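I opened this model to check its ring pairs, its buried charge and its unusual backbone geometry. My entries follow the order in which I looked.

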Amino acid sequence: MLFDTHAHYDDKRFDPDRDELLASLPAHDIGLILNPGCDVETSRKAVSYAQKYAFVYAAVGIHPENINESWNNDLSVIQELAQTEPKVRAIGEIGLDYYWEKDEHARARQQVVFARQMELARELNMPVIVHDRDAHGDCMEITRRYPEVRGVYHCYAGSVEMARELLRLGYYLSFTGVITFKNARRAIEVIREVPIDRLMIETDAPYMTPEPFRGRRNSSLYVYRMAETIAEIKGMSVEEVERITTENGKRLFAIS
């Protein structure tokens with residue numbers, strides 16, 4: 001059984017066939033999915049999918065690219081969803097994204113909102129799903145402030161040294177279709193280094209489609225490619241990787 005620990009079925013690219021696709025996934029050995037929100041609207045949608053499908057779980061949060069002037073009010077809604085909806089299993093997707101954002105004041109606001117959501121996770125004793133794009137130093141600085149919080153750095157793009165520190169802090173690392181690309185040398189080094197019991201797999205659907213399907217809309221149907229690739233890198237059977245990464249996701253997100 002496969003666990004796609006990060007997929008955005010709220011994306012408009014799934015509008016034509018969302019229910020048909022989700023309903024079909026168990027027949028393809030996709031046993032669990034976690035759908036993280038990126039703002040209030042998508043967090044509510046994630047909860048609605050979790051309510052409809054037994055194998056879907058939700059996370060709720062404010063993504064760094066979705067911070068607006070009313071983020072403080074939005075955070076109150078995120079807190080309410082996390083406290084009242086039983087299938088919400090993490091605060092996320094949260095973190096920092098400096099790829100597009102060059103303004104120092106806007107970056108500082110991202111840091112504030114990230115820290116506030118780490119505080120919320122600590123208060124609720126929930127794991128976090130961290131987005132870190134071109135912001136490794138600041139992400140780690142904020143992560144270190146909250147040693148009680150555990151979680152996953154999704155679509156991990158950091159160094160081996162950063163991975164080692166995250167492991168010491170109790171975090172998991174999750175990998176997307178990027179690891180199937182020819183230029184994925186750094187990710188392969190990290191996967192070789194990280195124990196299998198701290199790895200998870202994800203699609204980040206509809207983004208990050210793995211080889212040989214690049215150019216298509218991504219979905220959980222392709223999550224097996226990450227299991228195959230990790231198995232090849234670590235010299236394990238695909239079945240072992242599927243089983244252990246699923247157990248890892250269930251453990252982090254408290255899914256029995």
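The entries below cover aromatic rings, charges over rings, one glutamate and some backbone angles.

**Entry 1: the model**

I am working from a predicted model.

**Entry 2: aromatic pairs**

I looked up the aromatic pairs, and the count is seven. I took F3 and F253 to begin with. Their ring centres are 6.3 Å apart and their planes meet at 65°. The cut-off for edge-to-face is over 60 degrees, so F3 and F253 form an edge-to-face pair. Next I asked where the two residues sit in the chain. F3 belongs to strand β1, residues 2-4. F253 belongs to the segment after α9, which spans 238-252. The pair therefore ties together parts that are 250 residues apart in sequence.

I then checked F3 and F253 for burial. F3 has a relative accessible area of 1%, so I noted F3 as buried. F253 is buried as well, with a relative accessible area of 1%.

I turned to Y156 and F175. Their ring centres lie 6.2 Å apart, with the planes at 75°, so I logged this pair as edge-to-face. Y156 is in the loop between β6 (151-153) and α6 (160-168). F175 is in strand β7, residues 172-175. The two are 19 residues apart, and the pair links distant parts of the chain. Are Y156 and F175 buried or exposed? Both Y156 and F175 are buried.

**Entry 3: charges over rings**

I searched for charged ends over rings. R133 has its charged end over the ring of Y99, at 3.6 Å from the ring centre. R214 has its charged end over the ring of F181, at 3.7 Å from the ring centre.

**Entry 4: E202**

I stopped at E202, in the loop between β8 (199-201) and α8 (224-234). E202 is buried but has no salt bridge. Which side chain of opposite charge is nearest to E202? I found R133, 13 Å away. A salt bridge needs a distance within 4 Å, so R133 at 13 Å does not form one with E202.

What lies by the polar end of the E202 side chain instead? I found the backbone nitrogen of C155 at 2.8 Å from a polar atom of that side chain. I then listed the contacts of E202, leaving aside neighbours within four places in sequence. Among them are D4, T5 and H6. H154 and C155 are also in contact with E202. So are S174, F175, T176 and G177. V223 and M226 complete the list for E202. F175 appears here again, and I had already noted F175 as a partner of Y156 in an edge-to-face pair.

**Entry 5: peptide bonds and phi**

I kept the usual backbone in mind: most residues other than glycine have a negative phi, and most peptide bonds are trans.

I found a cis peptide bond between G92 and E93, with omega about 25°. E93 lies in strand β4, residues 88-97. The bond from E211 to P212 is cis too, with omega near 5°. P212 is in the loop between β8 and α8.

I also looked for positive phi. D204 is not a glycine, yet its phi is positive, about 55°. D204 is in the loop between β8 and α8. Its relative accessible area is 7%, so I marked D204 as buried. M208 is not a glycine either, and its phi is positive at about 60°. M208 is found in the loop between β8 and α8. At 32% relative accessibility, I marked M208 as partly exposed.

Definitions and conventions:
Residues numbered from 1 in each chain as written. Predicted model: local features only at pLDDT ≥ 70, side-chain atom pairs only at ≥ 80, totals over all residues. Heavy atoms only, no water. Phe/Tyr/Trp six-rings, centres within 6.5 Å; stacked < 30°, edge-to-face > 60°. Helix = DSSP H or I, 4+ residues; strand = E, 2+ residues; numbered from the N terminus. Buried < 20%, exposed > 50% of the residue type's maximum accessible area, 1.4 Å probe, protein only. Lys NZ or Arg CZ within 6 Å of the ring centre and 35° of its normal. Lys, Arg positive; Asp, Glu negative; His and termini not counted. Polar contact = N/O pair within 3.5 Å; in protein donor to acceptor, adjacent residues only side chain to side chain. Contact = heavy atoms within 4.5 Å.
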